[in-house]
Amino acid sequence: MTSANPSPLWQPDAERIARAQITRFQSWAAAHHGAPAVGGYPALHRWSVDQLQTFWKAVTEWFDVRFSTPYARVLGDRTMPGAEWFPGATLNYAEHALRAADTRADEPALLHVDETHEPRPVTWSELRRQVGSLAAELRALGVRPGDRVSGYLPNVPQAVVALLATASVGGVWTSCAPDFGARSVLDRFQQVEPVVLFTVDGYRYGGKEHDRRDIVAELRRELPTLRAIVHIPLLGTEAPDGALEWSALTSADVAPTFEQVPFDHPLWVLYSSGTTGLPKAIVQSQGGILVEHLKQLGLHCDLGPEDRFLWYTSTGWMMWNFLVSGLLTGTTVVLYDGSPGYPDTGAQWRVAERTGATFFGTSAAYVMACRKADIHPGRDYDLSRVQCVGTTGSPLPPDGFRWLHDEVRENLWIASVSGGTDVCSCFAGAVPTLPVHIGELQAPSLGTDLQSWDPSGKPLIDEVGELVVTNPMPSMPIHFWNDPDGTRYHDSYFDTYPGVWRHGDWITLTSRGSVVIHGRSDSTLNRQGVRMGSADIYEAVERLPEIKESLVIGIEQPDGGYWMPLFVQLAPGSTLDEALLNRIKQTIREQLSPRHVPDEVIEVPGVPHTLTGKRIEVPVKRLLQGTPLEKAVNPGSIDNLDLLRFYEDLARERA
């Protein structure tokens, strides 16, 4: 594993290392908290997991976290699940997110971009004023600490204002993107029973207007706990009967009043993909998210007041919540509401250029789509301000690393990161002071004791194992909604290794300290006793220009055999003839191993995904094992249900 990449693709120079906030933090923590002064990031990371309480105390001091009442200890109880962070402390997330308004009132807090690609600023003072006005109106509507407030909204400034106003009154925010259908939204919102719903009349995507008023009407009918609906006329329509107007709620000049809540007070509810059964309603805390995101965005992403932070996302994905937290570091946050590929595949690069983004985050899938479309970002756009390109959603294949290096800039920090909705953060990824090796995440995150374990719980180096975290993180869920005895929470992460978080990914921790992600372990390919990651096969196959996307499944047969089909969606104009079949198999054999070669290659009309863009392997496996569609998958969680019928029909034919 380590010998494959002897030299790094990118190495930060001495000046960059010296000016990185993580370097200054290490020197300060050495002087004040006994952190190692030498040894660089590996030494700092070791200290952060060995001296967990001292590390998190140092984070709160470095970022000047304001506790309105002090904490008794950093970690009251470290048992997982149920670790107790900063007991006794009170604070408010929104208060920290708006702090820059005191010193940089007229500078942009937000840059909003739609499909015209023209940035429109919202200043810190204007953001603070709107949050203050809306928070006062929420209180007048009877919203109290712990009440849920929901948004059916695209990635627009109003969504940020609504989240911060909710947090400032101690409410619990939850959101879905307006491309979610009514059933998908209700599967999520009905679980948490919101008292207020913010909605748009529609949205613009791919150059078209999409009217959502019928969906909004259905949400109103099916959410009996709603006391108020707030109408945001993105398409310019009149408010429906009984709805409140956004402009009326945000017009006052009122300073926000920040409810001081316990450290573990709920901040928001995020939802797992929920491909089977209802999505898990994951609750994270005001304090836990505050300190985790300060660490992740300030130290790992190296963001500060001079930066502009763009990540292509929607309000239905945890990356939107992560993006909004850029405000905690005083960074200008770029909100792009539109198609990632409109009017052409280069759209996201154009947005990065026009907003002066210094940190540009996207999906690995977008990078690979640009590579296939022969896009030349470094040549065609001024990306001189972009210091880092971050990718997530799936592992960035080695070809993606090479393409970014060759086509954006040689001196480009590439941060492939991996974490999850479950913690709304990264287990491993960006470190501004470390080299980047092709196909690898730079290192585990500070405070995160990330390990690769075999089935017996033995740690592995340079071998594939289960991704586990052996100490608590502040942003781990405080609970799941409607899980009163904690059974669903426990079974989701702690049923394999008691007291240790098992995430459900295959990873390799290399002897140089970097991390390789191989894909989900719950859809593992296990042939002749050898475990294989599906991501490795996708990376090899999708290099072929004829393959648009692929899906590989491994199924145990009743006779003890194993069937491993590879499903391929072809690029327009391509044919799955004998020559292409042979090239697919030869590519896999040469780049991976003969054991990775599928038993069959089957052409499909498309690969189904969750609403957040992840390939769904487990429900397809269940369909192929004969599970009826309605039991194999939650229909409201899939981007194109018709695609699943192909796999259901195939299972019938094989039976």
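**Aromatic pairs and charges over rings**

The structure holds 34 aromatic pairs. The model is predicted.

**View A. Trp10 and Trp413 form a stacked pair.** The ring centres of Trp10 and Trp413 lie 6.3 Å apart. Their planes meet at 15 degrees, so the pair counts as stacked, because stacking requires planes under 30 degrees apart. The contact links distant parts of the chain. Trp10 belongs to the segment before helix H1 (14-19). Trp413 is in strand E20 (residues 413-416). The separation is 403 residues. Both Trp10 and Trp413 are buried.

**View B. Phe25 and Phe55 meet edge-to-face.** Here the ring centres of Phe25 and Phe55 are 6.2 Å apart. The planes stand at 90 degrees, so this pair is edge-to-face; the cut-off for that class is over 60 degrees. Phe25 comes from helix H2 (residues 21-33). Phe55 comes from helix H4 (residues 52-62). The pair therefore ties together parts 30 residues apart in sequence. Phe25 is buried, as is Phe55.

**View C. Ring pairs link aromatic residues into a cluster.** Phe25 and Phe55, the partners of View B, both belong to this cluster. Its Trp members are Trp28, Trp47, Trp56, Trp62 and Trp85. Phe67, Tyr71, Phe86 and Phe263 are also linked in.

**View D. Arg615 lies over the face of Tyr538.** The distance from Arg615 to the ring centre of Tyr538 is 3.9 Å.

**View E. Arg654 places its charged end over the ring of Trp563.** The charged end of Arg654 is 3.4 Å from the centre of the Trp563 ring.

Definitions and conventions: Residues numbered from 1 in each chain as written. Predicted model: local features only at pLDDT ≥ 70, side-chain atom pairs only at ≥ 80, totals over all residues. Heavy atoms only, no water. Phe/Tyr/Trp six-rings, centres within 6.5 Å; stacked < 30°, edge-to-face > 60°. Helix = DSSP H or I, 4+ residues; strand = E, 2+ residues; numbered from the N terminus. Buried < 20%, exposed > 50% of the residue type's maximum accessible area, 1.4 Å probe, protein only. Lys NZ or Arg CZ within 6 Å of the ring centre and 35° of its normal.
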